[in-house]
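Welcome! Let us take a walk through this structure together, one stop at a time.

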Amino acid sequence: MAWRALLDLLFPPQCAGCNALGAGLCDACVPRGIVRVRFPMLAVTAIGAYEGSLRTAVLALKDGRRDVAEALGRVTARLVARGSLLVPVPTTAKRRRVRGFDGVTLVARSAAQAAGARVVTALEHRSGDAQRGRSRTQRLEAHGRFACDPAGIAARRVTLFDDVCTTGSTLRDCAGAVREAGGIVEDAVVVAVTKSTASWNMPIVS
Ligand SMILES: [Zn+2]
């Protein structure tokens with residue numbers, strides 16, 4: 001792709017962690033091992049804790065760095081099973097407008113390409129109208145924030161995909177929407193988990 005080569009020439013991929021040229025996250029800045037966190041009905045696997053170079057990379061992704069998205073996808077691919085269906089947690093429309101793209105979906109596509117998996121963008125944020133009429137408590141519980149299109153996921157096993165897992169409430173909400181649409185979901189792959197999540201879940205670090 002000529003435009004891609006031109007982009008790389010104008011904005012050479014640069015490590016979000018240490019500024020080395022070549023990739024959005026260099027090998028030296030990728031944490032060793034993986035982190036697993038278990039929630040009720042959902043097992044989450046991450047590249048590492050949300051700190052250091054991984055945190056810098058996620059922030060760069062939120063800033064719209066495509067080179068970092070692609071690098072995070074290649075790194076996350078080692079957590080993705082061949083042939084699996086990845087369902088990204090959608091970015092809000094407002095954020096997408098600011099960044100110009102949905103960072104999580106871009107990371108998921110890069111991971112799927114490297115791992116031989118597929119991405120199905122089945123989830124979307126419910127509109128403000130759908131939230132209206134809900135009590136404050138209902139909104140705070142944050143259930144029902146997402147809608148899931150059954151096409152492509154009904155009766156299929158899917159893996160949720162997100163950038164950062166903090167309390168797990170977003171992932172569990174998404175899992176609920178997938179199940180309501182007839183999909184089967186027991187696990188999620190994320191780039192990073194926050195330390196607080198990791199500590200109260202007693203992760204297995206390998
Ligand atoms: Zn680096």
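Our walk begins at Thr-105, which is buried because its relative accessible area of 12% falls under the 20% cut-off. Keep in mind as you look that this is a predicted model. You can find Thr-105 in helix H5, which covers residues 103-115. Which residues does Thr-105 touch, once its neighbours within four places in sequence are left aside? The answer is Pro-88 and Thr-121. Look also for Leu-86, which is 19 residues away from Thr-105 along the chain, with 9.4 Å separating the two C-alpha atoms.

From here, move to Ser-84, in the loop between H3 and strand E3 (85-88). Is Ser-84 buried or exposed? With a relative accessible area of 13%, Ser-84 is buried. When neighbours within four places in sequence are set aside, Ser-84 is in contact with Ala-117 and Arg-118.

Now step back to take in the chain. It holds 9 helices and 9 strands. Of its 206 residues, 49% count as buried. You may also like to know how the contacts are spread along the sequence: taking those between residues at least 6 apart, 73% join residues at least 24 apart.

Next, let us visit a pair of helices. Two packed helices are described by the angle between their axes and by the distance between those axes. Here the pair is helix H2, residues 52-62, and helix H3, residues 66-76. Their axes come within 8 Å and cross at roughly 130°. H2 and H3 are therefore oblique to each other, since an angle under 35 degrees would count as roughly parallel, one over 145 as roughly antiparallel, and one from 65 to 115 as roughly perpendicular. The crossing of the two helices is left-handed. Which residues meet where H2 and H3 come together? On the H2 side they are Leu-54, Ala-57, Ala-60 and Leu-61, and on the H3 side Val-68, Ala-69 and Leu-72. By type, the residues of this contact are 7 nonpolar, no polar and no charged.

The strands are our next stop, and strand E8, residues 184-193, is a good place to pause. Why can E8 be called largely enclosed by the rest of the structure? Because 7 of its 10 residues are buried. Strand E2, residues 42-49, runs parallel to E8 and is joined to it by 6 bridges. To see this pairing for yourself, find Thr-45, which stands opposite Val-189 in E8. Strand E7, residues 157-165, also runs parallel to E8, and here 8 bridges make the link. In this pairing, Asp-162 stands opposite Val-190 in E8. As you trace these strands, it may help to remember that in a regular strand the side chains alternate between the two faces of the sheet.

Our last stops are two loop residues. Met-41 lies in the loop between strand E1 (35-39) and E2. Its phi is near 65°, a positive value in a residue other than glycine. Met-41 counts as exposed, at 57% relative accessibility. Ala-155 sits in the loop between strand E6 (146-148) and E7. What is the phi of Ala-155? It is near 65°, and this too is a positive value in a residue other than glycine. Ala-155 is exposed, with a relative accessible area of 64%.

Conventions: Residues are numbered from 1 along each chain as its sequence is written. This is a predicted model: local features need pLDDT of at least 70, side-chain atom pairs count only at pLDDT 80 or more; totals for chains, interfaces and linings use all residues. Side-chain values use heavy atoms; hydrogens and water are left out. Axes are lines fitted to C-alpha atoms, for helices over the stretch in contact, and angles run from 0 to 180 degrees between N-to-C directions. Helices (H or I, at least four residues) and strands (E, at least two) are DSSP runs, numbered from the N terminus. A crossing is left-handed if the near helix is turned anticlockwise from the far one by less than a right angle, and right-handed if clockwise. Contact means heavy atoms within 4.5 Å. Ala, Val, Leu, Ile, Met, Phe, Trp, Tyr, Cys and Pro count as nonpolar, Asp, Glu, Lys and Arg as charged, and the others, Gly among them, as polar. Buried means under 20% relative accessible area, exposed over 50%, partly exposed in between (1.4 Å probe, protein chains only). Two strands pair if DSSP finds at least two bridges between them.
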